[in-house]
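I sat down with this one to look up its strands and its nonpolar packing. Here are my notes, in the order I took them.

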Amino acid sequence: MAQNFTLDRREAVKALLVDRGDLLVVTGLGSSSYDVFDAGEHPGNYYLWGAMGGAAMVGLGIALASVSTMPRPFRVKSSARSSCSRSLI
Amino acid sequence: MDDVAIKHDARIGQGWPFQIYKTLKKFGVAQISYVPDAGHAELIELSHGDRAIQTTVLTTEEEGVALSAGAWLGGDRAVLLMQSSGVGNCVNMFSLAASCRLPFLTLVTMRGEWAEFNPWQIPMGKATPQALEIIGVTVLRLDRAEDAEEVVSAAASLAFESDQQVAVLISQRMLGRKKWTETH
């Protein structure tokens, strides 16, 4: 019997966001926004439901601003770049 | 920090780039993103010399639209510097500022409108004001160096105080004829 190694994206995102604390999350486009919302609405979520390719740079803008104002970790999840996920701390 | 960083550089004078820089400082702009551009060179240099301004070099102009959005979300005011040829790259990304009603300010050096020597600059140069307007960006023109402070100040108020997306188009005639010198 062939094994199925397909990753369930919805479950994977939930696992990534367990015990997230005050982690900020920026999503890019529909699917990643739905995944992150389904993992639980949170005031640290910012959903880009369009503007393809913008999520990583929104994250960078927040990070640069946060250097002085509110240092905290965050993650960008973008389906526009397949499953690109990066942490900028 | 409100003080402007005075550079001891003979090329940095009191001209329009310095007037723009002073105006952006007055409005508390803390982030500037850009792609390399001769027209913006002096303003870019002034920004690099200012510890209160964080500069980001972009690979494509639309990244700067998203960066400005993030800066605002994080509490910073940001400005994107680009050439008219980059405006077309940004059009879909402007839906981010429009949908989320985020302030946005860009200063655009014009190509393709005055004594242009490169035919490839003409189509986007001619389409620049319309491309901005069809996606909802307010367009202001800067045609005379002595108006730099007033026009950029008006644009910054519209953007940061009235939550508008605003572009200032800096006239190619004001920038002067581009002199192409080959280097080997």
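I began with a cross-strand pair: B:Leu80 stands opposite B:Thr106 in strand 4 of chain B. The model is predicted, so I kept in mind that local features need pLDDT of at least 70 and side-chain atom pairs pLDDT 80 or more, while totals for chains, interfaces and linings use all residues. Residues count from 1 along each chain as written, chains are lettered from A and ligands numbered from 1 in written order, and side-chain values use heavy atoms, without hydrogens and water.

Next, the neighbours of strand 4 (residues 104-109) of chain B. Strand 3 (residues 77-83) of chain B pairs with strand 4 in the parallel sense over 4 bridges; pairing takes at least two DSSP bridges, and strands are DSSP E runs of at least two residues, helices H or I runs of at least four, numbered from the N terminus. Strand 6 (residues 165-170) of chain B is also parallel to strand 4, over 6 bridges, and there B:Leu169 is the bridge partner of B:Val108.

Which way do the side chains of strand 4 of chain B point? I found B:Phe104, B:Thr106 and B:Val108 on one side and B:Leu105, B:Leu107 and B:Thr109 on the other, all buried (under 20% relative accessible area, 1.4 Å probe, protein chains only; exposed is over 50%, partly exposed in between).

Last, I looked up B:Phe94: beyond four places in sequence, B:Phe94 is in contact (heavy atoms within 4.5 Å) with B:Val65, B:Phe104, B:Leu132, B:Ile135 and B:Val137.
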